[in-house]
Amino acid sequence: MKRILIVMVLLFSLILVSCGGAGGASTKIDVTMTDFQFQPSRFTVPAGQEITFTSSNNGAVVHNFVIMKLGTTAGDMFDNEDVPNVYWEVELQPGGSANTTFTAPSEPGEYEIVCRTAGHIISGMTAKLKVVPAGQ
Ligand SMILES: [Cu+2]
């Protein structure tokens with residue numbers, strides 16, 4: 001009886017490890033932009049992998065999906081000094097959509113995502129990109 005319990009605990013641990021290892025990392029990002037938020041607003045991707053990015057702008061104004069470099073932030077407003085800190089970005093006109101790819105950053109960590117259109121960060125258009133080691 002005790003042995004069966006131990007086997008079951010071991011099996012359960014294995015299932016947990018195999019499901020939780022990548023931390024929910026996905027090579028797909030599918031995001032809807034509205035006035036003024038990203039939906040969803042948290043993404044987890046494996047480092048260095050090609051990411052399929054699909055998005056639509058359901059808002060009435062232009063929106064951007066801007067991934068900032070690791071350790072940088074656009075603060076409350078994206079301005080010229082933030083331009084060199086952009087890792088990757090895409091701009092969507094109102095009603096527009098995108099279907100493209102980019103390579104995830106090679107360094108694991110938490111990256112800031114913002115919309116660079118004036119006034120949108122302060123209105124709440126921010127998100128988080130979590131990069132986790134690939135193959136985990
Ligand atoms: Cu925006």
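**Briefing: salt bridges, copper site and sheet**

The structure holds 2 salt bridges. This is a predicted model. A copper ion is bound by four protein donors, His63, Cys115, His120 and Met125, and 5 strands form an open sheet with mixed pairing.

**Salt bridges**

- Glu110 pairs with Arg42 in a salt bridge whose closest N and O atoms are 3.3 Å apart.
- Since Glu110 belongs to strand E8 and Arg42 to strand E3, this pair ties together parts that are 68 residues apart in sequence.
- Glu110 counts as partly exposed at 39% relative accessibility, while Arg42, at 54%, counts as exposed.
- Arg116 forms a salt bridge with Glu89, and here the closest N and O atoms are 2.9 Å apart.
- This second pair links distant parts of the chain, 27 residues apart: Arg116 is in the loop between E8 and E9, and Glu89 is in strand E6.
- Both partners are partly exposed: Arg116 has a relative accessibility of 27%, and Glu89 has a relative accessible area of 33%.

**Copper site**

- The donor atoms are ND1 of His63, SG of Cys115, ND1 of His120 and SD of Met125, at 2.0 to 2.4 Å from the copper ion.
- The site is tetrahedral, with angles of 90 to 133° among its 4 donor atoms; this geometry is assigned because all angles must lie between 85 and 135 degrees for four donors to count as tetrahedral.
- The spacing of the donor residues in sequence is H-x51-C-x4-H-x4-M.
- His63 lies in strand E5 (residues 63-68), whereas Met125 lies in the loop between strand E8 (109-114) and strand E9 (126-132), so the pair ties together parts that are 62 residues apart in sequence.
- His63 is buried, with a relative accessible area of 0%, and Met125 is likewise buried at 0%.

**Sheet**

- The strand order in the open sheet is E3-E9-E8-E5-E6, and the pairing is mixed.
- Strand E3 (42-46) and strand E6 (86-92) are the edge strands, each pairing on one side only.
- On average, neighbouring strands of this sheet are turned by 20° against each other, direction ignored.
- Strands E8 and E9 run antiparallel and are joined by 6 bridges.
- Tyr111 has Leu129 in E9 as its bridge partner.

Methods. Residues numbered from 1 in each chain as written. Predicted model: local features only at pLDDT ≥ 70, side-chain atom pairs only at ≥ 80, totals over all residues. Heavy atoms only, no water. Donors = N, O, S within 2.8 Å, 3.2 Å for Na, K, Ca; no water. Tetrahedral: all angles 85-135°; square planar, octahedral: opposite > 155°, others 65-115°. Helix = DSSP H or I, 4+ residues; strand = E, 2+ residues; numbered from the N terminus. Buried < 20%, exposed > 50% of the residue type's maximum accessible area, 1.4 Å probe, protein only. Pairing = 2+ DSSP bridges. Axes fitted to C-alpha atoms, helices over the stretch in contact; angles between N-to-C directions. Salt bridge = Lys/Arg side-chain N within 4 Å of Asp/Glu carboxyl O.
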